[in-house]
Amino acid sequence: MSHQCPHPMFRKTVPTALLLAAVAACSPDEIVESVPGPVEPASEENRHVNILYWQAVAILNPYLSGGTKEVEASSMVIEPLANYDDRGEMVPVLAVEIPTLENGGVSEDLRSITWKLKRDVVWSDGTPFTSRDVVFTGEYCLHEQMGCSPDASFTEVETIEALDDFTVRVVFSVPKPFPYGPFVGAVTPILQHQQFKDCLGARAAECTVENFGPIGTGPFKVDEFRAGDVISLSANERYREPGKPWFKTATLKGGGEAASAARAVLETGEYDYAWNLQVEPEVLERMMAAGRGEVVVGFGTNVERLVINQTNADSTLGPERRSLYLDGSNPHPFLSDPVVRRALALAIDRDVLIETGYGPTGRVTCNIVPAPAEFASAANESCRVADSDEANRILDEAGWARGEDGVRSKDGVRLSLLYQTSTNSVRQGTQALIKQMWQEIGVETELRNVDAGVFFGGDPASPDTYQKFYADVEMYTSNFQGTDPELYMAAWTCDNAPGPDNQWLGTNMSRGCSAEFDGLVERLAATPYGEERYEIAKRMNDIVVQNHYLIPLIWRATASARSKELKGVRINPWDSELWNIEDWHR
Amino acid sequence: MAEIGHDAPLLEHRSLWMDVWLAFRNHTGALVGVGVFAFIVLAVFLGPLLHTVDPHYLDIGARNAGASWEHPLGTDNLGRDMLAQVLAGGRISLAVGFTAMVLALVLGTAIGVLAGYFKRVDGLLMRTTDLFLALPLLPLLLVIIMLFRDTLRTAFGPETGIFLLIVFVIGITSWMQTARIVRGEVLAIKEREFVTAARSVGTRERRIVVRHVLPNVLSPIMVSATLGIANAIITESALSFLGLGFPPDFPTWGRLLFDGANFISITPERVIWPGLAISLTVLSVNYIGDGLRDALDPRLRGT
């Protein structure tokens, strides 16, 4: 939550007449007003574009911050060798073509990939772009003292070498069926060697001038960067495509919250484009009725899911046991029962969740990997229809009997659980709905919401992070970069359960463990593209979903608002939303 | 302390509280305040007997509904009845406001009287007060809640546990103003003739404090009390807003207002009713405080 109301306790006295106004000061209108004035249309042909990101951009170097907002803002300035288009297909940017097995760019043993670079590209300062910049960028991220954010893209990279001025080869230590990690997508753009050569390793974070104003090959260059606030950009006159970008200047403003950002585009028309709208559908609809803009959606791999804790999260346990996997010796008192998990999943009516919280920006999904189509399993479609009768039946059969208060119990264990998520009105609505659905099958639910900054903050000292998971069920959205789910699914292996041994940075939040799944992770890593790879990935999806370690709820679109005047926007759920900003025009 | 009211026959004996009531009765604002406040309290505690809808029940078929016989104040975007929510929220907000106010008042008065009356603890207590005033409150609240939430939740259950925690947290962070005001008054009063007189006839210190000092500092205490209720209600909403207060499906006035803010153009009543309830409560309590102060102050009374 980037916007915070002034805390009322700091007022010395409470002028009564102002009370209503003081509490209502949290309303989004006030926030919109506090946004400094965007440039008004000066003439008929207004060549200035105003973009609003309600989370402010802190830095313009995606290697130092993996936040979506930083990655996307940087993508206006610095570019990778290739990126994903709005259909999830790779398109060359600074490379001449996408290297494949067929064109010889990927070696037969799958251990190296050779990129051919475009020859006529120059940086915005006029110096030529060469393979030296690419090799340098690899060194920059792989430096030992560098906490490189897109680290996962560079896993198992052995060497990155320049074969000549315009050819680069990346060699991996193991066969890589999907070698498009480094330098593909907005998370791993190319930095200029000349500019960043003194910023290696521990010095990376100190290079403020460079990190706030990288020289790039992209359509725009940075004029002024105010961290956490606003970025002013102007067209890069040396951009390789003549006549582009259409806009001469751009402002990327940060701050506020989702609803006020939507309003600034759809209702008041102050901005041309606003990013990431998790706002109730009826609120969006009302804003769109003003006729100034529309919501654009693209379905990528975002899935809002419930994570079911497989370890005991009881608050009476000390930190040496609570929510720790401990090789399976610390099971959850009732969520370790597959019947209970199945019943919880059966009771959820996803259509209701979409109707109340998502509208056109959400679809029902029964898979944790809903896309690309070849990776989407068809084995779980029965989840589309909620069946609380069946849920009640299997619970009765398993001996979970209803008590006087309507809550089921067995052997003294009550089906009473704590369900946490981040603070967001849509999520709190979903929580309330699911609580009622579970009440119908005799499960008692206590709700908790945690500020998003804390919940996703990953501070190992906080008990409220989604990694610590000091609750029985939690809900959030996750996705994967690009179109291959290998790294994403490898996150759910047994030894990836978060705990003190991995500084609580483990990625298997449910702590669910399956030997078959772990075996498939290794097979997937060695299987080249084709039917077999798809089948393995689908099987992995089915293991997680059918064991109900994760309950997929909603396939969420990347949803943004654009003004009706703004043309050329092709929303891209696979890469930066600003990936084709050079084509935007009025 | 009896004295002659302007419209009373000479020499009729009246108690202090009778006097106060007579003066209070003449304060129109205060009387209206009492009426409104009594109405709100009665409504939130007796209302659910008449309007028996469950505030937690989600009626998906009746989302964002306007006023009707079934839902007199309409429903929210999940189909929860607004009237039931405002009533349920009022019980919690008022209970939090009152309990926290009483806690802050007892603490603040005790510390203020002790510091003002006994010179040797003055320095220590006042520096403690300064310390509390200087503490950044929000981080302090976050830490307290993080440390004790789970313990209290296990001991008392999620609702009572959080209630105790919030009341305690608000109480111990809002007594400082009262303590300072009371200390100032006590310092002045303990030098007055009637205190010296009481001391000269050998009255014990405790009795002087209770009998002679406290009644004379009642008016600033009353004013702090009324402001304290308002402050506590608002602090509770701020905590709920940060996700640290009651569970999200637990209506309080502050949370209802916060949740309704996005829907202000679709169902304005979602903001109007809880907002009005907060405003009226605070306004009426302040008027009551205003009237009480006038009535309790012998210099203002009867003029």
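Pro372 of chain A lies in the loop that runs between strand β12 (362-364) and helix α11 (388-397). The structure described here is a predicted model. Pro372(A) is joined to Ala371(A) by a cis peptide bond, with omega about -5°. A second cis bond leads from Lys244(A) to Pro245(A), with omega near -5°. Pro245(A) sits in the loop between β8 (230-235) and β9 (249-254) of chain A. Most peptide bonds are trans, and most residues other than glycine have a negative phi.

**Backbone exceptions**

Asn276(A) is not a glycine, yet its phi is positive, at about 50°. Asn64(B), also not a glycine, has a positive phi of about 50°. The table sets out these two asparagines with their loops and surroundings.

| Residue | Phi | Loop | C-beta atoms within 10 Å |
|---|---|---|---|
| Asn276(A) | about 50° | between β10 (273-274) and α8 (281-288) of chain A | 19 neighbours, partly exposed |
| Asn64(B) | about 50° | between α2 (28-50) and α3 (82-117) of chain B | 17 others, partly exposed |

A residue needs 20 or more other C-beta atoms within 10 Å to be buried. With 19 such neighbours, Asn276(A) therefore counts as partly exposed.

**Strands of chain A**

Three strands of chain A form an open sheet in the order β13-β14-β15, with antiparallel pairing. Which strands stand at the edges? They are β13 (401-402) and β15 (413-414) of chain A; each has a single partner strand, so one side of each lacks a neighbour in the sheet. Strand β14 (residues 408-410) of chain A is joined to β15(A) by two bridges, and the two strands run antiparallel. Ser409(A) has Arg414(A) in β15(A) as its bridge partner.

Another pair of strands in chain A runs parallel: β16 (residues 416-422) is linked to β17(A) by seven bridges. Thr421(A) has Asn449(A) of β17(A) as its bridge partner. Together with helix α12 (residues 425-439) of chain A, β16(A) and β17(A) make a right-handed β-α-β unit. Is strand β17 (residues 444-450) of chain A largely enclosed or left open? Five of its seven residues are buried, so β17(A) is largely enclosed by the rest of the structure. In general, strands of a sheet pair through backbone hydrogen bonds, either parallel or antiparallel.

**A helix with a buried face**

Helix α15 (residues 515-525) of chain A has three named buried residues: Phe517(A), Leu520(A) and Leu524(A). Viewed down the axis of α15(A), the buried residues fall within an arc of 60°, so they line one face of the helix. An α-helix has 3.6 residues a turn, so residues three or four places apart point the same way. Ala515(A) and Glu522(A) are exposed on the other side of α15(A). The buried residues of α15(A) pack against two helices of chain A, α14 (486-489) and α16 (531-546).

**Nonpolar cores**

The largest nonpolar core has 85 residues. Those with the most contacts inside this core include Leu52(A), Ala262(A), Tyr273(A) and Leu277(A). Which helix gives the most to this core? Helix α7(A) does, with seven residues. A second, separate core of 68 residues includes Val113(B), Leu227(B), Phe250(B) and Ile288(B). In soluble globular proteins, nonpolar side chains tend to be buried together.

Ala274(A) also ranks among the residues with the most contacts inside the largest core. Leaving aside residues up to four places away in sequence, Ala274(A) touches Leu52(A), Ala261(A), Ala262(A), Ala264(A), Val265(A), Ser560(A) and Ala561(A).

Ser260(A) belongs to helix α7 (residues 258-266) of chain A. Ser260(A) has 26 other C-beta atoms within 10 Å and is therefore buried. Ser260(A) and Leu277(A) are 17 residues apart along the chain, and their C-alpha atoms are separated by 9.6 Å.

**Chain B as a whole**

How many helices and strands are there in chain B? Chain B has twelve helices and zero strands. The C-alpha trace of chain B spans about 75 × 50 × 30 Å along its principal axes. Chain B has 303 residues, of which 45% count as buried. Among contacts in chain B between residues at least 6 apart in sequence, 69% join residues at least 24 apart.

How values were computed. Residues numbered from 1 in each chain as written. Chains lettered and ligands numbered in written order. Predicted model: local features only at pLDDT ≥ 70, side-chain atom pairs only at ≥ 80, totals over all residues. Pairing = 2+ DSSP bridges. Helix = DSSP H or I, 4+ residues; strand = E, 2+ residues; numbered from the N terminus. Buried ≥ 20, exposed ≤ 12 C-beta atoms within 10 Å, placed from the backbone. Right-handed = clockwise from strand over helix to strand, strands pointing away. Arc of directions from axis to C-beta. Contact = placed C-beta atoms within 7 Å. Core = buried A, V, L, I, M, F, W, Y, C linked by C-beta atoms within 7 Å.
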